Amino acid sequence: METEVIYQNQFQKDYFLADSRGKIDIILSNYVTFQHQLSGIEKGIKLDIKVDQDFRFRKERGDLSVRVRTSGFSDPTAREVIRNVELDRAFNENGLEEELEKTSEPDVFRSQIRMLHSMEEDFLIIQAVIDMLTLQDGNTLKDYFICQRNRVCLQNVADDKDINVKTIYQKVWRVKSKIRMNAIEKFERKYGRRTA
């Protein structure tokens, strides 16, 4: 039986429906916010795991709609903090199997975690390729990312440097092309080549 693929958001879905070149382009277009996106995806997976665990627990107790207070001291806030710490620890130490077995569909979550790790690995590949750029190309890209991060229009940068904005775009395009060319083989080894 094939496990259903559930994406955390449209960004992740677009990423995995793209070919190797498309994945590289998505990372480069979103480089400044890519790690933030990964963090959001991880938080979404953790939340889904907790919700599914709660659902399974209530289902096994035979009551999905009525909450019954059990005897003893109950501190839901403390219990939630403990669950969050345990789940964070399981994520950080690659010990999620015990947590996943508490869900009703562990294979769905395994698939989501594999996708997240795959995106993290891909980002590291792009970072490594960027680190191998010449100093001039690296500085061009760094300046471009600073503009993105600070939401500064490249036209303003061009005006400050008294150059045509097309020149900046051409430089950035050439650097991105070099990154694409140096990363594509690694991505195609990982994801396979697409034939036209």
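A residue counts as buried when its relative accessible area is under 20%, as exposed when that figure is over 50%, and as partly exposed in between. Keep those cut-offs handy, because E185, at 45% relative accessibility, counts as partly exposed by them. One more thing before you start clicking: this is a predicted model.

**Stop 1: the whole protein**

Show everything as a cartoon. You'll find nine helices and zero strands, so don't go hunting for arrows. Now colour the buried residues: they make up 36% of the 196 residues. Switch on a surface, and you're looking at about 13,100 Å² of exposed area, with carbon and sulfur atoms supplying 51% of it. What about contacts? Among those between residues at least 6 apart in sequence, 74% join residues at least 24 apart.

**Stop 2: helix α7**

Select residues 135–149, which are helix α7. This helix has 15 residues and reaches 20 Å from its first C-alpha to its last, close to the 21 Å expected at 1.5 Å a residue. Next, show side chains for D137, T140, L141, Y144, F145 and C147, the buried residues of α7. Turn the view until you look down the axis: those buried residues fall within an arc of 155°, so they line one face of the helix. On the face turned away from them, pick out the exposed residues L135, Q136 and R149.

Which helices do the buried residues of α7 pack against? Bring up α2 (20–29), α3 (31–61), α6, α8 and α9 to see them. Before moving on, click R151, which follows α7 and has a positive phi, near 55°.

**Stop 3: helix α8**

Now select residues 154–161, helix α8, and show its buried residues L154, V157 and A158. Look down the axis again: here the buried residues fall within an arc of 100°, so they too line one face of their helix. Add α7 and α9 (165–191) to the view, since what covers the buried residues of α8 includes both. Just after α8 comes D162, whose phi is positive, near 55°.

**Stop 4: salt bridges**

Side chains of opposite charge can pair when their charged atoms come close. This structure holds twelve salt bridges, and we'll visit some of them.

Begin with K190 and D122, whose closest N and O atoms are 2.6 Å apart. This pair links distant parts of the chain: K190 sits in helix α9 and D122 in helix α6 (residues 106–131), 68 residues apart. Is each partner buried or exposed? K190 is partly exposed, with a relative accessible area of 33%, whereas D122 is buried at 0%.

Slide along α9 to E185 and R189, where the side chains meet in a salt bridge (3.0 Å, N to O). Both residues lie in helix α9, four residues apart, about one turn of the helix. You met E185 at the start as partly exposed, at 45%; R189 counts as exposed, at 58%.

Then jump to K102 and E99, another salt bridge, with the closest N and O atoms 3.4 Å apart. K102 is partly exposed at 36% relative accessibility, while E99 is buried at 8%.

For the last selection, show E97, E101, D107 and R110 together. These four are linked in a network of salt bridges.

Conventions:
Residues are numbered from 1 along each chain as its sequence is written. This is a predicted model: local features need pLDDT of at least 70, side-chain atom pairs count only at pLDDT 80 or more; totals for chains, interfaces and linings use all residues. Side-chain values use heavy atoms; hydrogens and water are left out. Buried means under 20% relative accessible area, exposed over 50%, partly exposed in between (1.4 Å probe, protein chains only). Helices (H or I, at least four residues) and strands (E, at least two) are DSSP runs, numbered from the N terminus. The arc is that of the directions from the helix axis to the C-beta atoms. Contact means heavy atoms within 4.5 Å. The expected span of a helix is 1.5 Å times one less than its number of residues. Accessible areas come from the Shrake-Rupley method with a 1.4 Å probe; for residues, only the protein chains shown count as cover.
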